[in-house]
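Me: Hi! I have a structure open and would like to talk it through with you. Could you look at it with me?

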Amino acid sequence: MSAEVEEQEKKRELRSYIVGFVLAISLTALAFLVVAADLQTSTAYVVIGIAALAQVVVHFRFFLHISWQRSTRDDLQLILFTTLIIILMAGGTIWILNNLHHRMM
Amino acid sequence: MSTAARNRHPGINLGNTDPHTHAQAEETLFGFWVFLMSDLVLFALLFATYASMIGATDGGPGPKDVFELSSAAIETGVLLLSSLTMGMASIAMKYKEHPTRLYGWLGVTLLLGLVFLGLEAHDFVKMASEGATPQRSGWLSSFYALVSTHGLHVLAGCIWLTISIIQLAVFGLRSEVKLRIMRLSLFWHLLDVVWIFIFSVVYLGGLA
Amino acid sequence: MPTTEGWWPLLFGRLSYDALPFYSAIATAAASVVVLGAITVVALITYLGRWRWLWREWLTSLDHKKIGIMYVVIAMVMLSRAVVEGSMMRAQQAIALDNPGYLEPEHFAQLFSTHGSIMIFFMAMPFLTGIINFALPMQIGAREVSFPLLNSISLWLTAGGAGLMMVSLVIGKFSTGGWSGYPPYTDAAFNPGVGPDYWIFAVTLSSLASTMTGINIAVTIYKKRCGGMSPFRMPLFCWTSLCTSVLMIFALPPLTVATGLLALDRYVGTHFFTNDGGGNMMNFANLFWLFGHPEVYILILPAFGVYSQVISNFSSKILYGYDSLIIATMCIAVLSFTVWVHHFFTMGQSADLNAVFGIATMTIGIPTGVKIFDWILTMAWGRVRFTVPMIYSLAFMVLFTVGGLTGILLANPAIDFQVHNSVFLVAHFHNMLIPGLLYGMIAAYTYWFPKAFGFRLDEWWGRVACGCWITGFCLAFLPLYPLGLMGMPRRTQEFFEPAYLPYTIVAGVGALFLLAALASLVTQLVVSIRRREELAVPGGDPWNGRTLEWAIPCPAPEYNFAVLPIVDSRDAFHAYKEKGTAYLDHRFYSDIEMPKNSMTGVVFGIALAAASFGFVWHIWWLAVLGVLVAIAAPVARSFVLDTTRIIPAEEVRRDHEAWLARLRKLPPADRAVETTPQNRGLAEAAAA
Ligand code: HEM
Ligand SMILES: [Cu+2]
């Protein structure tokens with residue numbers, strides 16, 4: 001591989017990390033600011049939630065280099081399957097325990 | 001052409017810079033990635049347990065009494081920065097910027113990891129001194145379990161970093177060492193992903 | 001006498017003379033059996049001078065076949081203990097009308113706790129893990145699993161957990177909290193002793209081991225298939241193993257969390273599941289069954305794979321409905337994550353919530369039904385041979401359907417409220433686990449035994465064992481259905497309702513048959529070893545097999561395939577035989593790289609088992625030391641670069657050609673003589 005191509009690839013990868021970092025830090029700052037500014041609780045929850053999910057996507061995209069490309073499909077499928085399982089397990093747990101909680105009140 | 005070497009796994013791919021290791025990496029990193037998914041499920045259940053115990057303070061302190069926005073923010077910043085430096089280390093390794101840069105970035109990452117652990121330990125000690133110990137209430141039990149499981153993972157990452165640095169010194173940039181650093185970097189990034197949920201759900205959710 | 005001060009607790013924690021089992025004759029006898037058994041084994045190995053051999057050839061081996069065999073050995077030893085325990089409980093209940101019987105309530109409770117924990121974690125899991133480990137790489141045309149060292153670590157963690165179970169028989173008392181260990185009963189407030197700690201640590205070791213096994217198997221299937229082995233050409237056993245390993249990867253973390261948090265409650269005084277302090281014991285039930293339900297599919301899917309294999313093989317037909325079987329397996333795997341509430345319908349959540357999970361449970365019946373039909377249609381118009389594995393499969397199909405139907409009944413919350421915690425449930429799950437899992441594993445053991453050791457198992461004793469397992473199961477467990485409907489609770493040591501007695505007596509007689517079945521299995525093994533010359537099948541293909549593992553010698557060489565196969569159809573070996581290309585000389589051989597032995601797994605497993613023992617007895621130095629050694633072992637290993645060994649091409653060629661030369665002189669065996677000594681492992685189809 002020519003040195004030039006290699007140089008380009010390196011630049012691309014460096015850029016990916018820096019862009020990812022900037023995005024992540026902005027989303028983090030947004031979430032913290034919402035709390036620091038004492039917004040209404042429900043609005044704050046929504047913003048924090050969206051910022052968190054967006055940041056997860058940023059991390060996967062820019063730090064872990066997961067994309068829709070063919071070559072990384074396996075990993076992506078695995079992440080989606082894991083997400084499904086997590087939603088089932090964590091969501092189910094919260095649903096069940098809340099239900100029990102209310103019925104005991 | 002660089003695009004000829006297709007990506008085979010998450011994280012930085014060595015591609016044409018080291019075709020031999022790149023070929024090996026596919027299986028090894030896939031295995032590690034599967035492990036990480038299993039680990040994520042473990043965290044998810046700790047989160048679910050935490051969420052189900054949010055009201056269970058048993059008359060003891062609640063989130064607003066014990067959390068501080070500023071220290072959570074500093075910890076978050078440190079960990080995020082360490083993710084970036086870990087990425088820099090991966091790039092330095094890929095382009096064989098050994099020894100200076102590679103050692104440098106790995107060293108900075110290790111340092112940031114230790115700072116993070118120190119800050120967290122400081123938080124815990126402070127909370128405990130105010131009576132917010134894990135034994136105080138179900139909510140605090142679940143808080144400590146969740147956050148310190150993450151902390152233990154970071155500690156494991158720090159040990160792993162140290163060993164990697166030693167192995168670089170002993171063996172140089174061998175395939176085996178590279179593969180380990182590549183797995184370490186996946187591990188490290190994923191810990192940061194878990195932390196996103198910790199600061200959002202636990203700290204910000206508790207203080208909002 | 002030990003005191004609570006001075007050096008004793010520092011050195012030995014809460015161990016004391018009271019930990020020895022001399023408080024009861026039965027406990028003493030059981031402990032003596034363990035101790036004498038261990039001494040006999042050690043003495044025998046020493047007498048035969050086999051320590052070095054054992055260490056080099058087996059304990060430190062990273063060969064997937066040997067690791068698989070060692071798993072099966074663990075499973076069989078633990079099976080023997082647990083069957084005896086089950087029979088002891090049956091004997092107790094057969095005489096328990098207005099009668100305290102021969103087992104104290106506490107002892108009875110220990111028995112169902114150890115029996116259940118052992119059967120699930122140290123019989124079923126090692127058995128299926130062993131079978132998968134042994135057969136799967138050969139079926140996909142691979143020489144190794146993806147991570148051989150990890151494989152050995154998993155094995156030794158399992159062995160460590162099993163060892164802990166055995167130690168608990170001699171030192172201290174095991175938990176009385178059942179195999180599910182529900183708090184608050186198992187919390188320190190009500191159970192300060194070592195019992196629940198033994199349970200927690202044994203189960204956790206097994207849980208970690210299985211998670212790693214799952215990763216290893218899944219990656220092996222993804223990345224190690226031979227040329228041409230596209231996913232939809234894999235034997236069905238590989239598909240069910242894949243689904244099982246995915247379940248292991250995702251369903252064991254909840255168990256690890258549940259036992260981990262329970263341990264924190266007991267050791268650190270946290271309030272996850274306690275009555276006070278804001279604890280919520282219902283979350284334990286939730287976490288445990290988040291694992292527990294997928295677990296039953298972890299247990300059954302490999303058996304489904306075995307049955308598919310066996311039925312197709314002994315009907316001389318390609319598997320009917322291959323695609324539908326795969327889809328059904330995947331549906332079962334995903335659905336199994338959506339039904340866990342059916343294990344605690346009675347906990348108090350709303351009827352709507354129960355209804356959702358009840359309906360989800362019932363839907364699992366659909367893919368399972370599809371499978372039964374596929375197997376029946378595989379046999380239809382085939383030439384079915386009633387060998388031992390096939391008899392197990394037929395018994396499975398009938399009995400499992402009965403068990404499945406009772407499962408559908410239990411899936412209805414309204415019915416479950418009636419029979420919850422009755423022996424109806426005991427009947428149901430034994431009906432799934434014995435004809436489902438256990439028959440499948442024994443069928444697999446019989447089917448692949450020649451591939452492991454080079455000779456078939458004695459057919460007659462196999463049939464005797466099979467007959468005893470079937471009769472024994474029917475007598476011991478079918479009466480429990482009416483008994484449960486009559487209201488007899490499970491885990492009952494004594495009862496006062498005369499109407500129960502006839503049924504419990506029949507069940508007791510069934511237990512005798514089950515003991516006979518176990519004895520027949522042992523006899524079969526001894527007889528077969530004695531007749532090994534007669535039963536040898538050096539040709540490698542005793543059953544006129546269809547899949548790749550039968551294309552190589554019996555016993556299989558370390559590297560499995562002299563030259564990696566390339567396949568172009570499903571049932572690849574069958575296709576080779578049809579085309580007459582089954583036993584070709586290869587033109588080119590190349591060097592084969594295989595993993596060297598490693599003691600890392602042994603050290604790791606023993607260290608964590610020792611640490612667990614330290615935690616159980618509060619021997620803190622041992623706990624810390626064990627954990628440190630367990631961390632140091634893999635770290636030290638990571639400094640070893642020379643981890644593989646080359647088998648020269650010349651050696652491979654020599655062995656392979658010698659085998660082919662021998663094979664060509666063997667008399668081809670007609671299927672009519674399959675179970676006689678005329679069967680030397682060369683099928684008539686290949687010779688034709
Ligand atoms: C082969 C002969 C077997 C016999 C004689 C037997 C007998 C028994 C008996 C008497 C009980 C207690 C029932 C009660 O609570 O009233 C029991 C419980 C149990 N058995 Fe078996 N069993 C056998 C095989 C198996 C197998 C193969 C498995 C699983 C793979 C298994 C798993 C269990 C479990 C999980 C429990 C529940 C333990 C608890 O209550 O916590 N058993 N068995
Ligand atoms: Cu279930």
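Reply: Happy to; we can go through the metal sites, the cavities and some backbone details, keeping in mind that this is a predicted model.

Me: Great, metals to begin with. Which residues coordinate the iron atom of ligand 1?

Reply: Two histidines do: His115(C) and His430(C) each offer NE2, at 1.9 to 2.0 Å.

Me: And what arrangement do the donor atoms make around that iron?

Reply: It is octahedral, because the six donor atoms subtend angles of 86 to 179 degrees at the iron atom of ligand 1. As for where the histidines sit, His115(C) belongs to helix α5 (residues 105–139) and His430(C) to helix α15 (residues 423–453) of chain C, so the pair ties together parts 315 residues apart in sequence.

Me: Are those two histidines buried or exposed?

Reply: Both His115(C) and His430(C) are buried.

Me: OK, now the copper ion. What coordinates ligand 2?

Reply: Ligand 2 is held by His293(C) through ND1, and by His342(C) and His343(C) through NE2, at 1.8 to 2.0 Å. The spacing of these donor residues in sequence reads H-x48-H-H.

Me: How do His342(C) and His343(C) come out for burial?

Reply: His342(C) has 14% relative accessibility, under the 20% cut-off, so it counts as buried. His343(C), at 23%, counts as partly exposed.

Me: I'm also curious about Phe345(C). Where is it?

Reply: Phe345(C) lies in the loop between α10 (322–335) and α11 (351–363) of chain C. Its relative accessibility is 0%, so Phe345(C) counts as buried.

Me: Switching topic: how many cavities turn up in the whole structure?

Reply: A search finds six cavities of 30 Å³ or more. The largest cavity holds about 130 Å³ of space. It is lined by 13 residues, and those closest to its centre are Gln309(C), Ser312(C), Leu319(C), Thr547(C) and Asp571(C).

Me: Which helix gives the most to that lining?

Reply: Helix α9 (residues 281–314) of chain C, with four residues.

Me: And what classes of residue line the largest cavity?

Reply: The lining has five nonpolar, five polar and three charged residues.

Me: Let's go to the backbone. Where are there cis peptide bonds?

Reply: One runs from Pro183(C) to Pro184(C), with omega near 5 degrees. Pro184(C) is in the loop between α6 (148–170) and α7 (195–223) of chain C. Another cis bond goes from Cys554(C) to Pro555(C), with omega near -5 degrees, and Pro555(C) sits in the loop between α19 (532–535) and α20 (572–579) of chain C.

Me: Which residues other than glycine have positive phi?

Reply: Asn544(C) is one of them, with phi near 50 degrees. Asn544(C) is found in the loop between α19 and α20 of chain C, and its relative accessible area of 16% makes it buried. His618(C) has a positive phi of about 60 degrees.

Me: Where does His618(C) sit?

Reply: His618(C) is in the loop between α21 (600–617) and α22 (620–637) of chain C. At 27% relative accessibility, His618(C) counts as partly exposed.

Me: Last one, on chain A. What domains does it have?

Reply: The domain assignment gives domain 1 (1–65) and domain 2 (69–105). Taken over C-alpha atoms, the centres of domain 1 and domain 2 of chain A are separated by 23 Å.

Key:
Residues numbered from 1 in each chain as written. Chains lettered and ligands numbered in written order. Predicted model: local features only at pLDDT ≥ 70, side-chain atom pairs only at ≥ 80, totals over all residues. Heavy atoms only, no water. Domains from an automatic or database assignment. 1 Å grid on protein atoms, 1.4 Å probe; cavity = no way out; pocket = protein on both sides within 12 Å on 5 of 7 lines; lining within 4 Å. Points joined across faces, edges and corners; volume = space filled by probe spheres on them. Helix = DSSP H or I, 4+ residues; strand = E, 2+ residues; numbered from the N terminus. Nonpolar A, V, L, I, M, F, W, Y, C, P; charged D, E, K, R; others polar. Donors = N, O, S within 2.8 Å, 3.2 Å for Na, K, Ca; no water. Tetrahedral: all angles 85-135°; square planar, octahedral: opposite > 155°, others 65-115°. Buried < 20%, exposed > 50% of the residue type's maximum accessible area, 1.4 Å probe, protein only.
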